[in-house]
Amino acid sequence: MNLFRSEEHIDRWLAGRDPGVTISTTTLSELAHAWWGDRIAPAWTPHSREQNQAILTKLGLVGRFWQLA
Amino acid sequence: MDDADVALRNMTYRLFADSGRAPTAEAVASAIGATVDDVLHGWARLHDAHALVLESGGRHIRMANPFSAVPTAHRVRANDRWWYANCAWDAFGVCAALHADGTVETSCADCGDSITIEVRNEQPDDPSILFHCLVPAYQWWDDIVFT
């Protein structure tokens, strides 16, 4: 899970491997804040898989690649 | 994960966030009034539940996601302290977990050029930078360090 200057840099880094998925850092930051925002809350309780899947879906991160199981 | 393990996990995270480094089992045991063995056994259960990641040997924390206990290529300045994150996603997660603005410092995984992104009010200041996730979500925990 890395950052890149551009699509061209990603293609070069992949070096022929099958690509994963590329998103903007704007979407990444939204994802991070939805996913990790409660991590040091005193009353934290575990997220269910369904809760985490809903976070991905809300951001349009859908399809087999983003399925947690 | 039962209530005792949730409490252990939450104290572990609290100590990590308060000190900026992964707590030892001894520190957590002292904080919750338990034995070191109790903490280590609890950490093992939390590791199995993917609530944190232990180093091999099981005595030390490797990841309390999004925080990394070891230096990585993803560094974050937030709340007047430097933090290490496990990956680019977690770097933004450090700001999220701390509810703080921050500065993400990393490099392009291809060319090695430095990348610095300011996160203000949950928004990155350079949306031209791209994030690539190579491993599908259903395989993330097959090898979380690689992921």
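**Exercise 1. Describe the overall build of chain B.**

Step 1. Chain B contains four helices and nine strands, where helices (H or I, at least four residues) and strands (E, at least two) are DSSP runs numbered from the N terminus. The structure is a predicted model, in which local features need pLDDT of at least 70 and side-chain atom pairs count only at pLDDT 80 or more, while totals for chains, interfaces and linings use all residues. Residues are numbered from 1 along each chain as its sequence is written, and chains are lettered from A and ligands numbered from 1 in the order in which they are written.

Step 2. Read from the N terminus, the order of elements in chain B is α-α-α-β-β-β-β-β-α-β-β-β-β. Chain B is as compact as a globular protein of 147 residues, because its radius of gyration is 16 Å, close to the 15 Å of the globule rule. That radius is taken over C-alpha atoms, and the rule is 2.2 Å times the number of residues to the power 0.38.

Step 3. Along the principal axes, the C-alpha atoms of chain B fill a box of roughly 50 × 35 × 25 Å. Of its 147 residues, 39% count as buried; a residue is buried if 20 or more other C-beta atoms, placed from the backbone, lie within 10 Å of its own.

**Exercise 2. State the confidence of the prediction.**

Step 1. The average pLDDT of chain B is 95, and 99% of the residues score at least 70; pLDDT is the predictor's confidence in each residue, from 0 to 100.

Step 2. For the complex, the predictor gives an ipTM of 0.94 and a pTM of 0.93.

**Exercise 3. Examine helices α1 and α2 of chain B.**

Step 1. Helix α1(B) has 17 residues and reaches 24 Å from its first C-alpha to its last, close to the 24 Å expected at 1.5 Å a residue. The expected span is 1.5 Å times one less than the number of residues.

Step 2. The buried residues of α1(B) include B:L8, B:M11 and B:F16. Their cover includes α2, α3, β2 (61-64) and β3 (67-68) of chain B. Just after α1(B), B:G20 has a positive phi of about 80°.

Step 3. In α2 (residues 25-32) of chain B, B:A25, B:V28 and B:A29 are buried. These residues lie on the same side of α2(B), because they cover an arc of only 100° around the axis. The arc is that of the directions from the helix axis to the C-beta atoms. An α-helix has 3.6 residues a turn, so residues three or four places apart point the same way.

Step 4. Among the elements covering the buried residues of α2(B) are α1 (3-19) and α3 (36-48) of chain B. Just after α2(B), B:G33 takes a positive phi of about 70°.

**Exercise 4. Show how strand β9 of chain B meets chain A.**

Step 1. In β9 (residues 130-133) of chain B, B:L130 and B:H132 are buried on one side, and B:F131 and B:C133 on the other.

Step 2. Strand β1 (residues 2-4) of chain A pairs with β9(B) in the antiparallel sense over three bridges; two strands pair if DSSP finds at least two bridges between them. A:N2 has B:H132 as its bridge partner.

Step 3. Strand β2 (residues 21-24) of chain A also runs antiparallel to β9(B), joined by four bridges. Here A:I23 is the bridge partner of B:F131.

Step 4. Across the interface, 37 residues of chain A are in contact with 40 residues of chain B, contact being C-beta atoms, placed from the backbone, within 7 Å. The largest share of the side of chain A that touches chain B, nine residues, comes from α2(A).

Notes
Buried ≥ 20, exposed ≤ 12 C-beta atoms within 10 Å, placed from the backbone. Contact = placed C-beta atoms within 7 Å.
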